[in-house]
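Work through the exercises below with the sequence and the model open side by side. Try each task before reading its solution.

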Amino acid sequence: MSETLFTARIRATLGEVDGLMAAWEELEPAPLAVSAIEVAEDDWRVEALYRVSPDKDVLAQSLKRPVDVSGLQDQNWVKKSLDGLRPVRAGRFVIHGSHDKDQIPPNLWRLEIEASLAFGTGHHGTTRGCLLAIDALLKQRRFRRPLDVGCGSGVLGLAVIRARHIRVRATDIDGVAAAVTNANAKANGLGRWMRAVRADGLAHQSIRAHRPYDLILANILARPLIRLSGDIERAGRKGTVVVLAGLLSTQARAVFGAYHAKGHRLLRRLVLGEWTILILERR
């Protein structure tokens, strides 16, 4: 798939990153994703991805700092960025491309995920952290009704299916991501167990119809996680496990506070670099 995308960038200190990411997520038109990359000590680059070139003057006025905008034209930008990357091992899971499938030991849970325009290939710290959390949880509990919120390429939900062969429902606000998730499920021989739909959070009739879920996975961003805390609480029941990711460690307290107020307790916290994964349980 080929598509022209655009990246807008600003520079910030570590102390500014949290607020800037939250502010950028709220701007219109909404970016596809917002991320932060450490360039040097206390020197960060905050980036947002767009399908249509944003007005950098409007962005600069909103964010109160200079903005650089550049295009990623006529190329599959994810595939280009992942060329040459090796398979990712996370516990008993391994995520790999088709060119590496013959190198993967047969005793591991394998998922073949090709580069695409959807997020979630296993190479990002938050995705790997979620896979580690899922691996640990599957050793301790039996889940029957999982939900993957903001599924991206479907890696997390497909990991649960690969390990347990149970039906997983998934949502993403991006219709491309939902389609990619279903395609990845089919490519891995797991299509019968995966159903991904386009939805803003949990706002889809088929998602509401299958409540309560006993495992909810949400690897998105801090602000949407906080906004969805009530919906996720209503989608579960007592004992439901919730895995939250996509948040910087500086954002973890605010995200946990929102879920604690909705009746969740902390089971475990994973920290991978600047990223935190929260594993919670509904009381």
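The exercises cover a sheet, a hairpin, two cores, the cysteines and two single residues.

This is a predicted model, in which local features need pLDDT of at least 70 and side-chain atom pairs count only at pLDDT 80 or more, while totals for chains, interfaces and linings use all residues. Residues are numbered from 1 along each chain as its sequence is written, and side-chain values use heavy atoms, with hydrogens and water left out.

**Exercise 1. Establish the strand order of the seven-stranded open sheet and identify its edges.**

Step 1. Assign the elements: helices (H or I, at least four residues) and strands (E, at least two) are DSSP runs, numbered from the N terminus. Two strands pair if DSSP finds at least two bridges between them.

Step 2. Following the pairs gives the order β10-β9-β8-β11-β12-β14-β13, with mixed pairing.

Step 3. β10 (194-198) and β13 (264-272) each have a single partner strand, so one side of each has no neighbour in the sheet.

Step 4. Neighbouring strands are turned against each other by 15 degrees on average, direction ignored. Axes here are lines fitted to C-alpha atoms, for helices over the stretch in contact, and angles run from 0 to 180 degrees between N-to-C directions.

Step 5. Add the helix: α6 (residues 175-187) lies across β9 (168-172) and β10, and runs at about 170 degrees to β10.

**Exercise 2. Describe how β14 is paired with β12 and with β13.**

Step 1. β12 (residues 241-248) and β14 (residues 275-282) run antiparallel and are joined by six bridges. Within this pair, L280 of β14 stands opposite V242.

Step 2. β13 pairs with β14 over eight bridges, also in the antiparallel sense. I277 in β14 is the bridge partner of L270.

Step 3. The hairpin formed by β13 and β14 has two residues between the strands, and G273 in the turn has a positive phi of about 65 degrees.

**Exercise 3. Characterise T276 in strand β14.**

Step 1. The relative accessible area of T276 is 1%, so the residue is buried (under 20%; exposed is over 50%, partly exposed in between, with a 1.4 Å probe and protein chains only).

Step 2. Its side chain makes a polar contact of 2.7 Å with that of S249. Such a contact is a pair of N or O atoms within 3.5 Å; within protein, one must be able to donate a hydrogen and the other to accept it, and residues adjacent in sequence count only if both atoms are side-chain atoms.

Step 3. Leaving out residues up to four places away in sequence, T276 touches, among others, L244, L248, A252 and L270 (heavy atoms within 4.5 Å).

**Exercise 4. Which residues have the most contacts inside the largest nonpolar core?**

Step 1. A nonpolar core is a set of buried Ala, Val, Leu, Ile, Met, Phe, Trp, Tyr and Cys residues joined through side-chain atoms within 4.5 Å.

Step 2. The largest core has 38 residues, and F93, L131, L158, M194, L215, V243 and I279 have the most contacts inside it. Helix α5 (residues 155-164) gives the most to this core, with seven residues.

Step 3. Another core, of 22 residues, lies apart from it and includes L225, V242, V255 and L278.

Step 4. Take L131, in helix α4 (residues 125-140). L131 is buried at 0% relative accessibility, and touches A90, F93, I95, V155, L156 and A159, not counting residues up to four places away in sequence.

**Exercise 5. How many disulfides does the structure contain?**

Step 1. Search for pairs of cysteine sulfur atoms within 2.5 Å. The search of the whole structure finds zero.

Step 2. Check the burial of two cysteines: C130 is buried at 1% relative accessible area, and C151 is buried at 6%.
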